Amino acid sequence: MDKEPRIILHVDLDSFFASVEERLNPELAGKAVVVCVYSGRTGDSGAVATSNYKARELGIKSGMPISAAKRLGKDKAVFIPTRIGLYGEFSERVMGIMKAYADRFEQVSIDEAYLDVSDRCDGFGEAEGLAGEIKKAILEGEGLTCSVGIGKNKLTAKMASRLRKPDGLTIVPSGDFGKIFHDMPVKKLHGVGDKAVEVFERLGIRTIGQLASFDTNALEEFFGKARGQLLHNRANGMDEEPVEESDRQQISRLATLKENTRDMKAISELLERLAEDVHRKLAGRNLEFRTISIITITPRLETRTKSRTLGQFAADLGTIRKHSIELMQEFLEKNPDEELRRCGVRVSNFPETEVPKEQRTLGGFLGKG
Ligand code: TTP
Ligand code: MG
């Protein structure tokens with residue numbers, strides 16, 4: 001089946017925590033600002049959550065120990081502690097603004113989201129205009145700038161948004177992925193982590209272009225069939241992941257793991273509990289479902305969903321349990337560098353739900369999630 005061409009936007013707020021602080025405190029204007037997670041009792045233990053672009057010029061970056069950042073920013077930068085609740089409120093309002101511009105909307109972390117605008121835009125030119133409107137609405141509404149990437153899939157849009165920051169707007173026309181990203185280090189390919197990079201180094205793969213033209217069979221040998229194929233596709237700019245709506249009619253339960261982990265035993269214990277909770281709610285409302293999803297949240301609060309649509313309606317606990325565990329195994333296999341902080345189970349696609357027309361056009365992607 002031919003798939004409809006898609007137009008996807010990826011929106012990412014610029015130096016988010018620092019920008020909120022600047023927005024609320026005019027005294028910070030023009031200064032290098034570093035927002036810190038102070039972890040211990042001693043003065044400077046902890047890490048930098050983010051820094052504004054002025055502080056980045058001094059070499060201060062996310063994840064750096066506060067003590068190291070203070071050496072670089074001595075007398076030049078302002079150091080402030082995080083106020084997570086506040087950023088959450090800004091995030092919710094910004095997501096609300098963006099959502100209004102999308103046919104399908106998926107929030108991926110506290111400051112980024114994917115918008116599928118294929119139905120409302122006729123071509124990338126129109127999408128560029130829409131992106132300009134979104135940037136203006138966020139700036140006027142909340143006083144924050146963002147960077148937008150436009151591409152034919154989530155992968156391209158995400159990588160495009162990073163090309164020009166802050167306050168950028170970048171289109172990667174269909175067919176240009178190779179041209180634009182060919183010479184970039186392979187670690188810049190979204191979804192490639194440190195472990196994969198180690199293997200690539202041994203194979204002599206340094207750039208995205210080299211990975212794109214590397215023998216697929218050899219990749220499959222080193223990474224397993226699914227992951228090898230995925231890496232090959234992604235290096236060639238291919239990605240069919242749908243923009244997953246997060247607010248369809250659904251029943252879901254999320255919980256936090258005892259510690260950040262990718263240990264399937266610990267994760268499945270939690271999934272079993274969540275599956276039972278979801279099943280109880282489902283039975284309470286006397287509903288059947290056709291789509292089952294797992295939700296994964298990394299220590300950095302990146303949220304992803306993996307879904308599967310069944311051939312027929314189901315309502316039993318065994319089905320929820322089986323598919324959520326299988327989906328999780330697939331997720332961990334495809335993301336060998338990710339640990340989980342939280343995870344969740346969700347059922348949706350109930351019989352009485354009118355499936356909106358635009359979701360039906362996604363039929364070809366459902367189930368692959
Ligand atoms: P990012 O979008 O990765 O970073 P950013 O918005 O600060 O900067 P950029 O302009 O490059 O997008 O992350 C969003 C927020 O998440 C960031 O403002 C603070 C928080 N965060 C951490 O707390 N720790 C981290 O290591 C990172 C990368 C982000
Ligand atoms: Mg950001």
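A residue counts as partly exposed when its relative accessible area lies between the limit for buried, under 20%, and the limit for exposed, over 50%. In this predicted model, Leu72 therefore counts as partly exposed, at 36% relative accessibility. Leu72 is found in helix H3, which covers residues 66-73. Beyond its sequence neighbours up to four places away, Leu72 touches Leu58, Gly59, Ile60 and Met64. Thr319 lies elsewhere: the C-alpha atoms of Leu72 and Thr319 are separated by 55 Å, with the two residues 247 apart along the chain.

Helix H3 also has buried positions. Ile66, Ala68, Ala69 and Gly73 are buried in this helix. Viewed down the axis of H3, the buried residues fall within an arc of 160°, so they line one face of the helix. An α-helix has 3.6 residues a turn, so residues three or four places apart point the same way. The cover over the buried residues of H3 includes strand E2 (32-38), strand E3 (46-51) and strand E4 (77-81). Asp75 follows H3 and has a positive phi, near 65°.

One open sheet contains 5 strands in the order E5-E6-E1-E7-E8. Its pairing is mixed. Strands E5 and E8 (169-171) stand at the edges with a single partner strand each, so one side of each lacks a neighbour in the sheet. From one strand to the next, the twist averages 15°. Strands E1 and E7 (residues 146-151) are antiparallel and pair over 6 bridges. Within this pair, Ile8 stands opposite Gly151 in E7. Helix H4 (residues 84-99) packs on the sheet and touches E1, E5 and E6. The direction of H4 makes about 155° with that of E5. Helix H6 (residues 154-161) packs on the sheet as well, touching E1, E5, E6, E7 and E8. The direction of H6 makes about 145° with that of E7.

Edge strand E5 spans residues 104-109 and is mostly covered, with 5 of its 6 residues buried. Strand E5 is joined to strand E6 (residues 112-116) by 5 bridges, and the two run antiparallel. Glu106 stands opposite Tyr114 in E6. The connection from E5 to E6 is a hairpin through 2 residues.

Strand E1 (residues 8-13) holds Asp12. Asp12 has a relative accessible area of 6%, so Asp12 falls under the 20% limit and is buried. Leu13 is likewise buried. Apart from residues up to four places away in sequence, Asp12 touches Asp111, Glu112, Cys146, Ser147, Arg162 and Lys165.

Asp12 also takes part in a metal site. The magnesium ion (ligand 2) has as protein donors Asp12 (OD), Leu13 (O) and Asp111 (OD). These donors lie 2.0 to 2.2 Å from the ion. Along the chain, the donors follow the spacing D-L-x97-D. Around the magnesium ion (ligand 2) there are 6 donor atoms, and the angles they subtend run from 80 to 176°. The arrangement is therefore octahedral. Ideal angles for six octahedral donors are 90 or 180 degrees.

A second topic is the sheet of E9 to E12. Here 4 strands form an open sheet in the order E9-E12-E10-E11, with antiparallel pairing. The edge strands are E9 (250-261) and E11 (303-314), and each pairs on one side only. Neighbouring strands of this sheet are turned by 15° against each other on average, direction ignored. Helix H12 (residues 264-284) packs on the sheet, where H12 touches E9, E10 and E12. The direction of H12 makes about 160° with that of E9.

Strand E10 (residues 289-297) pairs with two strands of this sheet. With strand E12 (residues 340-348), E10 shares 7 bridges and runs antiparallel. Ile294 has Val345 as its bridge partner in E12. With E11, strand E10 shares 8 bridges, again antiparallel. The bridge partner of Ile295 in E11 is Thr305. E10 and E11 form a hairpin with 5 residues between them. Leu301, in the turn, has a positive phi of about 70°.

Note on methods:
Residues numbered from 1 in each chain as written. Chains lettered and ligands numbered in written order. Predicted model: local features only at pLDDT ≥ 70, side-chain atom pairs only at ≥ 80, totals over all residues. Heavy atoms only, no water. Pairing = 2+ DSSP bridges. Axes fitted to C-alpha atoms, helices over the stretch in contact; angles between N-to-C directions. Contact = heavy atoms within 4.5 Å. Buried < 20%, exposed > 50% of the residue type's maximum accessible area, 1.4 Å probe, protein only. Donors = N, O, S within 2.8 Å, 3.2 Å for Na, K, Ca; no water. Tetrahedral: all angles 85-135°; square planar, octahedral: opposite > 155°, others 65-115°. Arc of directions from axis to C-beta.
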